[in-house]
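This report covers aromatic contacts, charges over rings and one helix. The structure is shown first.

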Amino acid sequence: MSVESCTNFLRATQERPELAQRLKATTALAEIVALGARHGYEFTARDLVEGSTAFTGPPPAPEPEPPRGRTAFYHHEYDLDSVPGLAPLVDLLPELELRPPSADLARFRAEFRPDDLASTSDSPADPEFQAWHQRMAEARWRDRPGGPRRDFHLVNLDEHVDHPGYPAYFEAKTRVVELLEAAFGGEVRFSGALWYPPSSYRLWHTNENQPGWRMYVVDLDRDPAEGETTSFFRYQNPETGEIVTLPERRRIVRFFKTEQDPDRLFWHCIVNPAELHRWSFGFVVPEDWHERLFGRAG
């Protein structure tokens, strides 16, 4: 295991199209290490961090500058099977919706914080919330070094690479990237693959360090009964301050844009308070995604 092996792997991802394509399906260090090992490159996560810093490959192609002006809509939401080009994803969802046996659910339940969950009902504009959020961010969202992160009470599927179901899961992710690139006619990358068991949440955040349009495919393990509590996505409208809560159902696709302008931060959170299992698969999509999918500007 070495930094040199890692550097050789990173070079190979730029020289071998099939390897570059698979890299688009990774979101976690553990996945990249596992991908390298499957192709004969032995290195550790520490090697990857060092090798990524030292590696100097050809400069990336410049991304098109986002259109200037204000974002007209803060979210778009559709039934997955109603969107041109995306309906085939429905058949791939069962291959993505893992409950990895390597996830310690007893520990997960023990780390639940009712006070953190309650913060998702606060307004991000409230001065007390802002002060608390800043204190927690400065502490890296941990009560103690090495302790659990309080802002993520969920399971990141891509950190669980050492279980029997992972290889088939990763192959399905690779096929999803290919399907989406055909639908959008441009590059698409995974940005996250998350499992929300009952009583899980992702606290208020903005993603301001990763601006641009994101697409999330959301699914539940069953249809909620009429009147039953279900998971929800909540955001604050940057213009009006209104808190918008969107109850969720099975097989939806959601688009929203994150920005860096302090006056236009897209505060949002996700909560699953139900006896349901929720999965969320995120992607970086082209700026003109609406036109590419629907044939007209949005």
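## Charges over rings

A charge counts as sitting over a ring if NZ of Lys or CZ of Arg is within 6 Å of the ring centre and within 35 degrees of the ring normal. In this predicted model, Arg 278 meets that rule over the face of Tyr 196, at 4.7 Å from the ring centre. Arg 38 has its charged end over the ring of Phe 170, 4.8 Å from the centre.

## Aromatic pairs

Rings pair if their centres lie within 6.5 Å, and planes that are neither under 30 degrees apart nor over 60 count as tilted. The count comes to 19 aromatic pairs. In one of them, the ring centres of Phe 129 and Trp 132 are 5.8 Å apart and the planes stand at 50 degrees, so this pair is tilted. Phe 129 and Trp 132 lie 3 residues apart in helix α8 (residues 127-138), which means about one helical turn separates them. Both residues are buried.

Phe 129 also pairs with Trp 267, in an edge-to-face arrangement with 6.0 Å between centres and 80 degrees between planes. This contact joins distant parts of the chain: Phe 129 belongs to helix α8, while Trp 267 is in the loop between β9 (252-258) and β10 (268-272), 138 residues apart. Trp 267 is buried, as is Phe 129.

Elsewhere, a cluster linked by ring pairs holds Tyr 78, Trp 213, Phe 255, Trp 289 and Phe 294.

## Helix α1

Helix α1 (residues 3-15) contains 13 residues. From first C-alpha to last, α1 reaches 18 Å, close to the 18 Å expected at 1.5 Å a residue. Its buried residues are Ser 5, Cys 6, Thr 7, Phe 9, Leu 10, Ala 12 and Thr 13.

Conventions: Residues numbered from 1 in each chain as written. Predicted model: local features only at pLDDT ≥ 70, side-chain atom pairs only at ≥ 80, totals over all residues. Heavy atoms only, no water. Helix = DSSP H or I, 4+ residues; strand = E, 2+ residues; numbered from the N terminus. Expected span 1.5 Å × (residues − 1). Buried < 20%, exposed > 50% of the residue type's maximum accessible area, 1.4 Å probe, protein only.
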